[in-house]
Amino acid sequence: EADAEADYAAVIEINLEDIKEPILALPNDPDASALLSDVTGDKIDEVFIGSCMTNIGHFRAAGKLLNNLEKPIPTRLWVAPPTKMDEAKLIEEGYYSIFGVAGARTEMPGCSLCMGNQARVEPGCTVVSTSTRNFPNRLGQGANVYLASAELAAVASIEGRLPTVDEYMKYMDQVNESAEDTYRYLNFDEVPEFVDSASSVEISDEMKEAAAKFDAA
């Protein structure tokens, strides 16, 4: 929440009941958006599901959509959970096996393609990404990058194109059947090895002093 004395430059209210279909950011400007029905059918070459915009539920949803496919996906799929904790839980729950069977490339947890200076997509390809930005050449030289939800990105990876709204809704029926399980939040204290590691972390006197000054401010 903002500080009590803070003023907002603007207040924008959006009635979610008015949104009947997915909204994507268009290549290559995060401020330019369109409804899925406006871009249906665009061919997709690569898909990136990752970055700090995702949480573990998004990867479970993608895994459930990718599970038991009858044929290989026609796209290059990148998967990069935001933290090692997410990665460990997804491995434990069997989702990494699903990603592997589907042919996805699982990246080291963290920024991956969103960083723009590590691995790159093919030059000139068209991408659906869950990252925060799609500025020109960030994910790949000359790449055209849509920004979308992890669920829509997973569907695009399966279809090799942006689906129709009806197709998307049909896929989402699979996810919604087990939404309560899919979107379970992951708390730090649910992964014992990470709790054990945290309990043994040594904090320097310098850091303690800085924290005390911050609390006093």
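**Exercise 1. Does isoleucine 14 count as buried or exposed, and why?**

Setup: this is a predicted model, where local features need pLDDT of at least 70, side-chain atom pairs count only at pLDDT 80 or more, and totals for chains, interfaces and linings use all residues. Residues are numbered from 1 along each chain as its sequence is written, and side-chain values use heavy atoms, without hydrogens and water.

Solution.
- Step 1. Place the residue: isoleucine 14 lies in the segment before strand 1 (23-25). Strands are DSSP E runs of at least two residues, helices H or I runs of at least four, numbered from the N terminus.
- Step 2. Apply the cut-offs: buried is under 20% relative accessible area, exposed over 50%, partly exposed in between (1.4 Å probe, protein chains only).
- Step 3. Isoleucine 14 counts as exposed because its relative accessibility is 60%.

**Exercise 2. Describe the second largest pocket.**

Solution.
- Step 1. Define it. On a 1 Å grid over the protein atoms alone, a pocket is an open set of points where a 1.4 Å probe fits, with protein on both sides within 12 Å along at least five of seven lines; lining residues have an atom within 4 Å of a point.
- Step 2. Take the volume: about 160 Å³. This is the space filled by probe spheres set on the points, which are joined across faces, edges and corners.
- Step 3. Find the contributors. Helix 5 (150-159) and helix 6 (165-176) each supply at least two lining residues. The lining includes Ile158, Glu159, Tyr171 and Gln174.

**Exercise 3. Describe the largest pocket.**

Solution.
- Step 1. Its volume is about 210 Å³.
- Step 2. Of 15 lining residues, Met53, Thr130, Ser131, Leu147 and Ala148 lie nearest its centre.
- Step 3. Strand 1 gives the largest share of the lining, three residues.
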